[in-house]
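Okay everyone, thanks for coming. I'd like to take a few minutes to walk you through a structure that's new to most of us. Have a look at it while I bring it up.

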Amino acid sequence: MKKQFDYLVVGAGPFGAVFAHEAHKRGKSVLVIDRRNHIAGNMYCESKDDINIHVYGAHIFHTSLKHVWDYVNQFAEFNHYVNSPVANYKGEMYNLPFNMNTFSKMWNIRTPKEAQDIITKQRAAITSEPKNLEEQAISLVGTDIYEKLIKGYTEKQWGRKCTELPAFIIKRLPVRYTYDNNYFNDRFQGIPMGGYTKMIERMLEGIEVRLGVDFLKHRDEYEALADTIIYTGPIDEYFSYSEGVLEYRGLHFETERLEEENHQGVAVVNYTEGKIPYTRIIEHKHFETFGEAVDKNPCTIISKEYSTEWKPGMEPYYPVNDERNNSLYQQYKQLADAEPNTLFGGRLAEYQYYDMAPIVEKVMDMFDAE
């Protein structure tokens with residue numbers, strides 16, 4: 001018997017929205033549902049005081065692939081935002097990623113050779129294979145950068161001491177011997193003018209969307225509606241945690257409106273000192289307002305971001321990709337591969353941290369292969 005829809009897409013985040021758009025474009029009937037009361041997943045933005053607030057943390061779209069950049073530009077006009085965060089360590093301000101501006105401030109030097117000599121000398125403190133994250137970081141960038149800009153931030157991020165974290169978490173650290181504060185190496189970067197929610201709205205034009213629907217609580221009802229299910233939620237939850245619970249780190253945001261034009265002069269400031277409880281402060285107006293225009297809006301909105309222990313029922317953010325969890329995920333992947341008429345995709349279903357551009361590329365590739 002013919003079902004009502006060709007596809008049921010569970011989750012209106014980037015994976016679900018791009019998939020739904022591509023299926024709809026090819027004449028397929030699609031229903032999108034989401035447990036939350038809004039679309040766009042963690043890219044969701046809401047507007048207050050003419051400022052688009054990145055509700056679930058900072059999102060900057062960046063890619064070197066022109067076809068991916070052209071694809072998202074169908075749905076929004078992107079601005080020229082360049083990600084250039086700053087680190088605050090005990091009131092000392094340093095540019096990120098680690099570059100000549102960082103080194104010049106830290107050591108009062110001017111040339112790449114001076115910086116290379118200092119880092120090479122400090123790296124020599126680790127003489128054997130790094131046994132933990134602390135040793136790995138020092139072996140890459142030396143002791144000063146580690147102590148001031150990595151240690152406290154990383155321990156807050158993961159809720160564990162760097163000596164207790166595995167070395168593989170930091171495989172590499174970007175070190176640039178140029179005076180360039182652009183965080184990304186990608187050819188294209190920016191933020192959709194008007195925010196990500198509007199971009200996802202345009203992707204989903206002409207497609208039925210139902211919000212506030214928990215697929216796993218109404219599974220029989222919704223599975224009966226479609227031939228194929230695209231599931232973008234947590235893979236372990238889909239299988240009722242039959243193999244065990246996958247671990248994540250959680251995030252908590254404290255957002256406030258300030259009666260000032262410009263609070264910190266940049267979108268993102270990382271607080272790298274261990275004693276300060278939050279990891280960073282985001283000032284949302286700087287994502288879409290530049291130069292003198294910043295001062296035209298008499299108020300600003302900031303979010304303090306805290307990394308938290310995660311428990312089932314909380315919003316999962318960062319997968320804890322250690323050996324135990326990766327092994328557990330492989331067990332779930334075997335179950336997923338055997339699941340009839342269901343495709344699993346995205347950050348939670350694949351237990352993998354994704355930037356936005358690789359998600360778009362992945363879905364495009366799926367349709368190209370088909």
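I'll talk about two things here, a cavity and then one asparagine. Before that, please keep in mind that this is a predicted model.

So, the cavity. How many cavities of 30 Å³ or more does a search of the whole structure find? Just one turns up, and the space inside this largest cavity comes to about 30 Å³.

Who lines it? Going along the chain, you've got Pro 14, Val 18, Met 43 and Phe 61, then Met 199, Met 203, Met 356 and Val 360. Three helices each bring at least two residues to that lining: H1 (14-25), H7 (196-203) and H11 (356-369). And what about the classes? The lining has eight nonpolar residues, with no polar and no charged ones.

Okay, on to the asparagine, Asn 181. You'll find it in the loop that runs between helix H6 (143-158) and strand S8 (188-190). Is Asn 181 buried or exposed? Well, it's in between: its relative accessibility is 23%, so it counts as partly exposed, given that buried would mean under 20% and exposed over 50%.

Now, its company. If we skip the neighbours within four places in sequence, Asn 181 is in contact with Asn 83, Ser 84, Asn 95, Leu 96, Pro 97, Asn 99 and Asn 101. With one of those, Asn 99, there's a side-chain to side-chain polar contact at 3.0 Å.

Last one, for a sense of scale: Asn 181 and Lys 333 sit 152 residues apart in sequence, and their C-alpha atoms are 39 Å apart in space.

How values were computed. Residues numbered from 1 in each chain as written. Predicted model: local features only at pLDDT ≥ 70, side-chain atom pairs only at ≥ 80, totals over all residues. Heavy atoms only, no water. 1 Å grid on protein atoms, 1.4 Å probe; cavity = no way out; pocket = protein on both sides within 12 Å on 5 of 7 lines; lining within 4 Å. Points joined across faces, edges and corners; volume = space filled by probe spheres on them. Helix = DSSP H or I, 4+ residues; strand = E, 2+ residues; numbered from the N terminus. Nonpolar A, V, L, I, M, F, W, Y, C, P; charged D, E, K, R; others polar. Buried < 20%, exposed > 50% of the residue type's maximum accessible area, 1.4 Å probe, protein only. Contact = heavy atoms within 4.5 Å. Polar contact = N/O pair within 3.5 Å; in protein donor to acceptor, adjacent residues only side chain to side chain.
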